[in-house]
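Here are a few notes to read with the model open beside you. Have a look first, then work through the points.

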Amino acid sequence: MSLPTEPVSMENLPGYHRGVAATVLIVDDERNIQVTLARALSLEGYATETAGTGREALEKIASLPVDLVLLDVKLPDLDGLAVLERARQTRPGLPVAVMSGHGSIETVRQAFVLGAFDYLEKPIEGRERLLAAVRNGLALRDLAAENAELKRTTGPGEMLGGSPAMQRLRELLRRAAAAEGRVLITGENGTGKELVARALHDGSRRRAGPFVKLNCAAVPAELIESELFGHERGAFTGAVAARRGKFELADGGTLLLDEVGDMPPAMQAKVLRVLQEGEFERVGGQTTLRTDARVVAATNKDLLAEVAAGRFREDLYYRLAVVIVPTPALRDRKEDVPELADRFLAEACERNGRRPMTLGRDAQAALQAHDWPGNVRELRNAVERLAILADGPVLGAEDVAAALPGARRARTDRAREGAGFHELVEDAEREIILAALLAHADNVSDTARALGLERSHLYKKMRALGIKRGE
Ligand SMILES: Nc1ncnc2c1ncn2[C@@H]1O[C@H](COP(=O)(O)OP(=O)(O)OP(=O)(O)O)[C@@H](O)[C@H]1O
Ligand SMILES: [Mg+2]
């Protein structure tokens with residue numbers, strides 16, 4: 001191994017990883033190899049540690065800020081691969097490159113299976129090979145960390161809330177995720193049913209598999225089979241290419257049947273068959289396919305009432321509802337409002353390019369006083385409006401009042417003093433509809449149902465009153 005010829009300034013050394021010297025642990029029982037590698041690395045600015053046995057290596061990995069490990073497979077006490085396996089268990093993100101002078105193909109294969117990021121043949125030919133391996137290992141680690149961070153911030157979102165109701169929910173989820181049984185998630189609009197379904201998936205042994213969602217209320221009647229089971233090319237007009245259905249896509253993972261209470265009867269029969277037999281065919285296909293998808297269903301309806309009313313098949317209900325996970329309404333866990341509101345406000349300010357704002361005590365109290373018929377979604381939307389409309393840095397109760405629908409009514413009432421009976425009724429109608437739309441995430445069907453109106457009637461009213469969605 002040759003040494004660099006020119007002196008280099010410390011800050012530009014590759015070993016200065018993000019401003020700090022990265023520490024490389026060299027594990028080898030041969031003293032001269034420890035010394036050669038350590039010298040080559042320290043000349044590049046890396047800090048080095050050495051270990052001569054597997055035990056010593058594991059101790060140092062556990063106790064020192066090691067960033068990367070170069071690990072010989074032949075050690076006096078433990079097998080290097082066993083050290084690799086344990087290191088990956090205790091510190092999953094730690095990059096480990098395995099070195100060997102006499103590696104069989106099998107050893108190489110196993111090293112990669114156990115999570116090594118590289119395999120170096122000893123004696124290591126050339127400094128460059130060594131340095132490139134170390135650079136790559138650290139870059140991979142950073143990528144993995146960034147990826148995890150991205151998933152955390154843009155993914156389905158973290159389930160917040162430390163109230164007793166949320167603690168019970170988490171405990172139930174922990175148990176349900178570990179088991180394989182089908183789960184029915186029930187709860188009002190906006191209580192986090194989808195979030196719960198994802199948490200179930202992420203907490204299960206299927207977490208590396210796909211998470212697939214099917215909105216049962218939104219599948220056109222003629223496409224039900226194709227959505228569920230896929231189709232072969234030419235199976236029907238418009239089927240220009242073969243397509244996989246949701247059951248196939250979710251193989252090895254989780255399939256969320258969302259809004260399951262709105263599943264049309266024809267679809268109920270088809271889903272029941274797959275759940276009973278685990279088999280299906282693509283539309284126009286001859287081959288019988290099997291699926292290993294864990295089915296999780298969610299609904300805001302009282303499914304047993306739907307069964308009693310003859311709108312939902314009883315046999316399907318019992319297939320789906322092996323474990324029932326109810327999501328609590330926000331008004332039953334108001335102690336979570338401040339935590340949720342703080343987080344949503346920070347996110348909304350960031351998203352809308354606004355300077356960070358915080359909620360004063362009276363603002364928090366005003367938010368807690370509200371009943372949140374649209375639950376967490378309504379709170380999130382209200383806080384988003386706050387972030388856009390209010391001027392920080394500390395928001396008060398009057399800012400909250402202006403962003404809540406109840407407050408708008410009070411203002412209109414004042415402005416409309418002297419208005420005739422007809423106009424006052426219209427005002428009231430407008431406020432009622434706006435509040436209901438807000439509570440149902442602008443979903444007109446849900447809003448109509450909640451208000452006990454025909455959907456077409458609600459549309460007509462909205463047009464007459466000049467209400468657009470998203471107000
Ligand atoms: N405990 C929670 N912590 C943080 N965010 C939450 C929580 N519960 C819900 N949310 C957020 O509230 C919004 C609504 O959640 P979600 O879509 O899961 O509700 P839902 O029960 O499926 O509603 P719907 O019945 O209307 O489909 C989402 O933005 C979600 O991230
Ligand atoms: Mg939902």
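**Notes on the cores and the cavity**

1. Let's start with the largest nonpolar core. It has 30 residues, and the ones touching the most other members are Leu257, Val260, Met267 and Leu320. Keep in mind that this is a predicted model.

2. Where do the pieces of this core come from? Two or more residues each come from the strands β9 (211-215), β12 (254-258) and β15 (294-299), and also from the helices α8 (224-229), α10 (265-277), α11 (303-308) and α12 (314-320). The top contributor is α10, which gives five residues to this core.

3. Now zoom in on methionine 267. Leaving out residues up to four places away in sequence, Met267 touches Leu214, Cys216, Val219, Ile224 and Leu228.

4. Don't stop there, though: apart from the largest core lies another one, made of 25 residues. Leu160, Leu340, Val383 and Ala387 are among its members.

5. How many cavities of 30 Å³ or more turn up in a search of the whole structure? The search finds one, and the largest cavity holds about 30 Å³ of space.

6. Try picking out the residues that line the largest cavity: Phe344, Glu347, Ala348, Arg351, Arg380, Val383 and Glu384. Helices α13 (337-351) and α15 (375-389) each supply at least two residues of this lining, and α13 gives the most, with four.

7. Is the lining of the largest cavity nonpolar or charged? Sorted by class, it's a mix: three nonpolar residues, four charged ones and no polar ones.

How values were computed: Residues numbered from 1 in each chain as written. Chains lettered and ligands numbered in written order. Predicted model: local features only at pLDDT ≥ 70, side-chain atom pairs only at ≥ 80, totals over all residues. Heavy atoms only, no water. Core = buried A, V, L, I, M, F, W, Y, C linked by side-chain atoms within 4.5 Å. Buried < 20%, exposed > 50% of the residue type's maximum accessible area, 1.4 Å probe, protein only. Contact = heavy atoms within 4.5 Å. 1 Å grid on protein atoms, 1.4 Å probe; cavity = no way out; pocket = protein on both sides within 12 Å on 5 of 7 lines; lining within 4 Å. Points joined across faces, edges and corners; volume = space filled by probe spheres on them. Nonpolar A, V, L, I, M, F, W, Y, C, P; charged D, E, K, R; others polar.
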